[in-house]
Every structure is written in C-alpha cells, then in structure tokens.
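User: Could you take a close look at one domain–domain interface in this model for me? I'd like to know what is in the contact and which parts supply it.

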Amino acid sequence: MDPEQPEVPADLVTGLSEKCRDPYLRCAFHGAAQTALGVSGSALLAHSPQGCEYLVNNAFSSQECDYMETITLCTKLCVDEIVHGGEDLLVRTIRQAKELPISALFVLSACGPEIVGDDIVAVCEDLQPEVRFTLIPIECAGFRGSQYDGIDIALDTILRKLVKNDAEKISNSVCLIAPHANANPTWIADLAWVKQVLSQMGIEVVATLTHRTRLSEIANATSAETTLLLSHDAGRRAAEYLQNTYHLESVGDGIPLPIGLTNTQRWLTALGERFDAQSAAEKMIADGEKMVMATCRRKWPMARFFYRTPAAIVADATIGIPLVRFVTEEMEMTPALVALYSSQPSARVLLEGELRDLGLAPKVVYGTDVYETRKSLGEVKPRVIFGSTIERHASEGMGVPYIVEVVRMMRQFRFINREYFGYTGILNLFECVQNEWTLRWRSKEKRYEAKW
Amino acid sequence: MMKNDSIVFHGTLQQMLEKVETGEMVPKLQASHAPMCKFFTAYYVISGIRHVVPLVHGPTGCPLYMSDFVRTRECCEIRGVPLEPTASTVLDESHVIYGGEGKLLEAVKEAYAKYHPDLIVILSCCCSGIIGEDVESIAREAEKLVGCRVLALRSEGFGGDFRSGYEDAFKLIMELMEPPRQKRKGTINILGARWGPTTTEFDMDLDEIERLLDEVGIEVNAVIAGGCTVEELKRAREVELNASWCYDWGQKLGDLMEERFGIPYSKTGQPYGLRATEEWLLGIAQPLRLEEKARTVIERETQQVAPDLAYLKQALEGKTAIIEISEFPGPIRALSLARMAEEFGAHPVVINVHPYTIKERMPSIKFLLETGVNPEIILTRGLFRLGSFRSSKETEDELEVIVREYEDPIFFGNAGRFPPCPVVNLTLMNPAFQPQYGFRGITNIAALVRQALENKDLPRSRLLRGMLYGPRTT
C-alpha cells in the first residue's frame with residue numbers, strides 16, 4: 001500500500017460501514033419482477049425508465065420464462081414523464097397490451113415514478129374495466145430494499161389481491177413459498193425435488209409462490225393446510241400472512257433446507273411427522289443415503305481428500321446455511337468463514353444454532369458485500385471457497401487453491417437444471433468440487449514437445 | 001418497387017432519414033423493446049478507465065446489474081482484468097425523503113480509503129437525480145478530502161437515451177485532460193471505446209487497427225475509454241491527432257476535443273473492406289505526414305490478402321446483398337458492411353433499420369451518407385410488432401418472402417435467420433472469425449462468405465429454428 005494513502009478505518013474492515021457498498025444483492029424491483037414472472041399466462045409491464053427493463057430481463061432468465069409465451073413491456077419513462085408525471089403513458093401502454101392473450105398484467109413501478117408520485121394502483125383500477133385480464137400493480141421501487149424485500153413486497157401484493165377468502169381446505173396439502181429466493185443458479189431443480197418428495201409422501205402442492213404458477217393456483221392457495229418456505233432469505237412474511245389470516249400452518253421452520261445427508265434427513269423427517277408419512281420419509285432417507293453412498297463407492301469422489309481443510313462459504317442464506325453442515329460433515333472440511341448476502345433475523349438464529357450444534361466458531365459476516373468478503377478472505381485465508389465467480393476474482397493473489405462455484409457461476413453452464421437439495425443434490429455438489437479439483441491439477445504447460 | 005403487404009417502407013437511406021427528420025416516421029421503439037438507459041452507457045465508458053471507482057449514488061439494482069455484467073463477466077472473465085469495485089451508496093426510502101448528500105460525501109471518503117483508486121466518478125441515477133442531489137458540488141467538496149480526482153456525472157436513467165450516457169461520459173473524461181507539456185509526434189488517441197477497463201467490446205478489431213498503426217510507426221497514447229489509465233488521459237492533449245475505432249462513438253468526443261483543444265479528428269468510417277481500411281489508415285497517416293509509409297503498408301497488406309479480395313469480388317459480383325440490421329451486431333457496422341458489399345460488386349439492400357436507430361445515430365448516418373453510403377432500405381411490419389418473439393418471428397417470415405424476390409441473393413446478418421439463400425454469419429459472438437476490421441477482417445469475411453456459398457445446400461438446424469421461431473405451422 002502507498003504509505004501516503006490513508007489507513008482504512010477500523011469500522012470499514014469490520015463491516016460496520018454502510019455508506020459505500022459493493023453489494024451482492026439487486027434491488028427490490030428485481031425481486032418483485034422475479035416473483036411476477038413466476039406467474040404463467042401473464043405479462044409484466046415495468047413502469048420505469050428503459051434501464052430497469054434489464055433487471056426484468058434478468059428476472060426473466062431466472063424464472064426460465066419462454067419468450068414465445070411471456071411478454072415484458074416497459075413505459076420507458078423520460079424527463080417529460082418525471083417532470084409531468086407518467087400516468088398517461090402508463091395508460092397508453094396498458095391499452096397497447098389490450099389484445100395480449102394473457103390472464104394477468106403485472107404493473108411494477110420503479111424508483112422514478114414512485115418518487116414523482118405516479119399512482120399505479122389508481123391507474124390499474126381505472127383501466128381494469130377496459131381489459132380482459134387482471135391488472136396487478138406492485139409498488140416495488142428499487143429504493144424499497146434488496147431483491148429479497150422485493151420478493152416479499154410482490155408476494156404480499158399478489159396474495160392480498162388474488163387469493164380467495166372462502167377456499168375449502170384440502171387435507172395433506174401445502175403451499176410452497178419463495179422457491180426463487182435461492183442462489184442455486186438452477187434452483188428450479190431444487191423446487192422439482194421438493195415437489196417430487198411431497199408427491200411421494202402423498203402431500204398435494206396447492207400452489208407455488210412462484211414458478212410457473214397459474215392464477216387459479218394462487219387464488220386457491222388458502223386451501224392448503226400448510227406452508228413450506230423454500231428460502232432462508234425471503235418469503236417469511238408471506239408465510240406469516242397466510243398463517244395469521246388463513247390459518248395455514250408453517251412447517252419445516254427452524255430446520256436448514258435439505259442440503260447434505262443430515263439436513264435432508266431432518267427435513268424429510270419433519271415433513272413425515274407433520275403429514276403422518278413417517279414410513280415414506282424413512283424409506284426416502286434410507287434409499288437416498290444408500291444411493292449416494294453406492295454412487296460415491298463407484299465414482300470415488302475426490303471430496304475425501306479435503307479432510308479438515310479450512311473453507312469459506314460465501315452465498316445467500318438459503319444455500320449458505322445448509323452448506324455449513326454439508327461442508328463440515330459430508331466433506332469433512334472446517335468452515336472458517338461464513339459470509340451471507342443477507343441478514344434476516346431468522347437466518348441468523350438458524351445459522352448460530354447450526355454453529356453451536358456443530359461446535360464451530362468461524363468468522364461470520366451477515367449482509368456481506370464484495371469488499372467485506374475480500375477482506376474476510378484475506379483475514380481467514382481459507383484453502384477452499386464455496387461461492388461464486390466473484391470470489392474467484394476477489395480472492396486473486398490470496399493463494400486460495402480451490403474456488404468451487406456453486407452460486408452465480410460464470411465458468412459453467414447448465415442446460416440440465418441441477419438441484420442441491422436432497423440426495424442427488426449431494427452428488428451435484430460433489431461434482432462441482434470434483435471438477436474444481438481436476439482443474440487445479442491440470443498442467444498449465446507441457447515440459448517438452450512430442451516428436452510427432 | 002416491391003409489392004408486398006408486409007413492407008412499410010422501401011426507399012433509400014437518405015429518404016428514410018428525411019422521413020424521420022420530418023416526423024413522418026416516428027422514431028420510437030415499441031413498449032416491448034428497450035435499449036440501455038443513460039446510466040448504463042455512462043457506466044460502460046467510465047469503467048473503461050483503469051483503477052476507477054464508479055460510485056453510484058442510488059439503490060443497488062442499477063450498479064449491480066452493471067457490475068455483474070460488465071465487470072465480472074466481460075472484464076474479469078473475458079478480458080483478464082482484475083475485479084474492480086462498483087460502489088454504491090445504497091439509497092433507501094429515508095434518503096429519498098431526507099436526501100443523501102451527506103452519505104455521498106462520506107461514501108467518497110470511504111471509497112478512497114477502501115480501494116485506493118486513481119479516480120472516483122460519482123454517477124447519479126434516477127433516485128438521486130429526481131430528489132435533486134447536487135452531485136457536482138459533493139464531488140468538488142470530496143476532492144479536497146481525498147488523494148485523487150473526484151468527478152460527477154448526471155446519468156439518471158430517465159435523463160436521456162443510451163447515446164447520451166456515452167456522450168456525457170466522454171465529455172466528462174475531458175476534464176481529466178491537462179494542458180499539454182509537449183506535442184508527441186506521430187502519436188494519436190483512439191476514441192469511442194467503452195465496456196470495461198481494457199480494449200473495447202471487440203478486442204480483436206482494436207488489435208487489428210493497432211497492429212496497422214504500429215506498422216506505420218504511429219503510437220497510440222490512449223484508447224479512450226477502453227482500458228486507458230488516468231495518466232494517459234491527463235496526457236491526451238499531447239497527441240497530434242484523434243482517430244476513432246468506430247466513427248459513431250468517437251465522433252462526439254473527437255469533435256469536442258477539436259473544438260476545445262484544437263486537436264484534429266480523423267473522420268473516417270469503420271475499416272470494413274479494402275477501400276474503407278485504406279481510408280481509415282490514410283485518414284490518420286496523412287495528417288501525421290506518414291502517408292508514404294502508410295501506402296507501403298497498405299500495398300504489402302493488400303498483396304497478402306489478394307486471394308481473399310479476388311474471391312470476394314468473384315463471389316459477390318452481381319449478387320444482391322441482403323443486410324439485416326435488427327439482427328446484426330450494430331447498425332453502423334451493418335451500414336459499413338453495405339459499403340463493403342458494394343465495393344465487391346454486390347447490390348446492398350438493408351432490411352429493418354428501425355427509425356429509432358436513425359434518430360439515435362443521426363450524426364453518423366449523415367456522415368455515412370456524405371461518404372456515399374446510401375443503400376436501398378426495406379422496413380417491414382414485423383419490425384414494429386409488440387413483443388420480442390412476435391417481432392422476431394414476423395420479421396423472419398417477412399425476410400424469407402423478400403429474399404425470394406431478389407435474383408441471386410446472399411444474406412449478411414447472423415445465423416439466427418433462415419432465408420432461402422446463402423447466409424453469411426457475421427455475428428461478433430464467434431471469435432473464430434474475428435477481427436472483421438482491416439486486412440485480417442477481409443480474410444475473415446472472405447472465409448465467412450466462402451462458408452456461406454460452398455455450404456449453402458447443407459441442411460439448416462430444425463432445432464435452432466424451432467428454438468427461435470417455434471415449430472413450423474405450415
């Protein structure tokens with residue numbers, strides 16, 4: 001460091017500063033878009049300047065929307081609309097969409113129109129009689145919080161606007177919440193695994209909030225007996241709303257999501273107990289563990305060479321918290337740093353409980369940003385990082401031999417979605433480690449040239 | 001004139017420009033089509049300076065998209081650039097109500113302490129712009145407290161179209177240019193680059209023009225702003241001449257530097273094909289009094305690509321080159337290509353240049369017209385259709401019909417189109433055929449044309465076609 005440059009104040013290193021951040025999380029507008037795009041047969045209209053449409057595009061990919069089916073629109077607000085208001089332009093754009101073959105149009109407002117006071121709720125109310133589809137305004141300006149806040153805002157609006165009050169309860173049923181608040185880049189496979197095990201236990205999924213969810217499913221969401229939260233980062237507000245207003249019991253609370261043998265066992269057992277499907281759960285656990293062990297016996301994962309290697313976990317709470325036990329138990333590494341993107345109180349309680357239970361005392365950072373992650377990595381000096389492409393680059397020069405990209409990966413592309421949940425999830429994670437291990441050993445250059 | 005219900009305009013580029021200028025054609029994209037906003041493009045340019053901290057005064061959505069897309073993916077993954085920060089003041093509701101200037105000032109100090117940058121650029125976005133944050137004053141104040149320059153750019157997303165972000169950022173960069181201590185003979189700046197702290201989005205094109213400049217003995221002080229340093233920017237006024245890697249993006253900065261600092265700007269189009277490459281190189285060499293050397297280089301390089309030039313002439317002579325802009329990587333490149341097609345004896349017909357594109361690139365379009373680029377233009381209904389799939393599907397169907405109406409057509413665009421004629425895949429996403437600029441570009445384009453013509457009867461992918469346009473219904 002240049003001796004003439006100022007020392008970094010202590011609070012910057014310890015993560016207390018909030019003034020200048022290089023964040024991992026996108027804004028509320030993005031989270032709301034991700035939620036709205038999980039509703040099938042709908043379109044999304046961003047009441048925003050044109051740049052916000054790129055956050056919508058990103059959400060579009062995350063929900064694996066098909067551009068043949070889902071249209072996204074944008075009012076592309078300019079100075080005129082910021083000065084004089086953009087409601088007229090919003091009206092015109094909704095009218096342009098009149099003929100679209102959709103059942104709902106989500107209207108999302110971004111920072112600009114909310115600050116200048118555009119009333120998207122009133123516009124939607126006024127125009128509702130003119131259009132055949134349902135207009136659903138969501139006030140989700142980016143400044144309202146992180147993408148997780150946006151998911152909560154959107155779920156709240158959707159539930160209040162669309163659910164039926166008088167839905168008849170269906171026994172042994174569940175409403176799945178926030179599967180998309182999950183940093184596994186192919187989280188849709190996690191959701192598919194959950195649905196599969198629920199089906200095997202004879203539990204009906206009444207609604208998924210949200211992924212390829214029909215409006216009729218949302219309307220009937222209150223017919224579920226229970227809610228099952230699939231994220232440690234978002235969705236809790238929706239679960240509480242459904243519990244307090246419609247008496248949907250929340251299951252699986254206080255247990256990390258099913259990543260690794262123990263977490264999966266606990267999670268399946270809790271479901272089995274609640275739905276009187278203990279034997280089905282036990283069978284799944286026995287079969288799953290047998291399959292994982294047999295596969296490992298045949299493939300010989302290199303994970304076995306990492307015994308007590310210091311590891312860092314940098315991820316969202318949904319993947320990061322369950323990974324702590326997986327890394328400690330299945331991989332036999334030693335978590336030395338756990339840096340989570342978010343800092344929900346419930347996630348803190350869960351993580352701290354896990355650390356106590358495992359007898360671990362890693363450095364823990366909640367609501368980390370890229371700077372704080374880099375500083376923490378420099379301080380902890382892990383030999384393995386479970387994280388993203390960002391940590392691959394942020395840790396350059398620190399001599400970290402293995403960076404296993406499990407979230408926000410850029411060096412791998414998955415055509416086939418791969419779950420981290422459940423038993424195949426364990427193998428998928430082992431495979432990520434194995435590939436990184438193989439690359440680490442690959443010779444960078446040849447020592448001599450072949451003769452032919 | 002072609003009779004076809006789906007055609008909404010058929011004329012020349014000049015005629016189309018007149019329609020846009022008189023308002024007869026509305027230069028507005030449909031609601032389903034959104035280009036980048038001013039903030040994004042300003043960020044592109046600013047992040048093309050080494051060791052800069054773009055400090056975004058706003059919530060996290062705007063900076064994060066750009067840091068993911070530009071810094072991590074493009075810079076770190078593709079261009080070997082270290083991870084650089086994208087800082088944000090993370091404005092929330094309380095800041096929107098009570099203001100965030102105090103936080104911004106603290107953030108600048110913090111950014112300096114954390115990242116030790118050579119430059120901090122405060123970028124305002126919609127939130128801070130609307131609530132009237134005085135970013136310029138904060139920048140001036142903050143500069144007294146830290147050890148580097150602090151600049152501010154009003155880059156609110158609503159404040160202009162994508163073009164204004166580029167232009168305002170280039171203009172801001174001029175503030176870093178110090179009075180020259182000397183005139184560096186035979187030295188130029190290349191203007192108009194962006195997208196990350198290294199060479200422009202098409203590295204190999206820039207490599208090719210730098211190679212040619214080097215052959216002539218011309219030194220490049222800075223590629224602005226494609227990986228240049230603050231030090232290079234400070235010395236940018238010491239050059240003899242400015243040139244652009246792309247006339248469209250370099251033009252504004254070139255004109256401003258000429259006006260304010262008296263540095264001449266070489267106005268030439270993109271070096272596609274032999275004639276444009278000669279013009280580009282001589283446009284720089286002549287004012288530097290290096291014409292003779294440049295002609296020697298041109299002669300030698302031309303000899304090396306003589307078989308390719310002969311092939312292009314023989315392959316394209318008498319053909320109709322259908323060039324589709326909406327599916328091509330950049331309208332100015334497409335128009336440069338139209339010129340190249342004409343050079344090799346083809347008749348260029350440009351399909352689907354949106355009136356919006358004409359408006360946004362008006363100075364460059366006018367420049368191209370001045371240089372004699374005035375191809376036949378066809379616009380179809382699908383171009384204006386709501387919905388990206390509908391628009392793309394409809395324009396594909398229309399293209400297939402239009403191509404049948406021309407004799408001996410050849411399509412220049414990308415392989416996402418399936419017209420019943422040879423397809424020259426000019427996507428810039430395939431590094432196997434890069435660069436497209438200069439002499440090496442001639443070789444690559446000749447190879448692409450050869451692939452298109454020699455393999456025109458090979459079956460196209462039902463799979464990719466179905467992916468793009470859905471299963472065939474007829």
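Analyst: Here's a walk through the interface between domain 2 and domain 3 of chain A. Keep in mind that this is a predicted model. Chain A splits into domain 1 (28–162), domain 2 (173–278) and domain 3 (301–440). The C-alpha centres of domain 2 of chain A and domain 3 of chain A sit 24 Å apart, and the contact draws on 30 residues from domain 2 and 31 residues from domain 3.

As for how much surface goes under, domain 2 of chain A and domain 3 of chain A bury about 2,600 Å² between them, with carbon and sulfur atoms giving 63% of that. On the domain 2 side, the trio to look at is His232(A), Asp233(A) and Ile259(A): they supply 26% of the area that domain 2 buries against domain 3, more than any other three residues.

Now the polar side of things. There are 20 residue pairs in polar contact across this interface, counting pairs with both residues at pLDDT 80 or more. The salt-bridge count between the two domains is 1. Arg266(A) and Glu354(A) pair up through their side chains in a salt bridge, at 3.0 Å from N to O.

Which helices do the touching from domain 2? Both α9 (187–200) and α12 (261–274) of chain A put at least two residues each into the side that touches domain 3. The largest share of that side belongs to α12(A), with 7 residues. By residue type, the side of domain 2 that touches domain 3 breaks down into 15 nonpolar, 11 polar and 4 charged.

Technical notes:
Residues are numbered from 1 along each chain as its sequence is written. Chains are lettered from A and ligands numbered from 1 in the order in which they are written. This is a predicted model: local features need pLDDT of at least 70, side-chain atom pairs count only at pLDDT 80 or more; totals for chains, interfaces and linings use all residues. Side-chain values use heavy atoms; hydrogens and water are left out. Domain bounds come from an automatic or database domain assignment. Contact means heavy atoms within 4.5 Å. Buried area is the accessible area (1.4 Å probe) that two parts lose on being put together, summed over both. A salt bridge is a side-chain nitrogen of Lys or Arg within 4 Å of a carboxyl oxygen of Asp or Glu. A polar contact is a pair of N or O atoms within 3.5 Å; within protein, one must be able to donate a hydrogen and the other to accept it, and residues adjacent in sequence count only if both atoms are side-chain atoms. Helices (H or I, at least four residues) and strands (E, at least two) are DSSP runs, numbered from the N terminus. Ala, Val, Leu, Ile, Met, Phe, Trp, Tyr, Cys and Pro count as nonpolar, Asp, Glu, Lys and Arg as charged, and the others, Gly among them, as polar.
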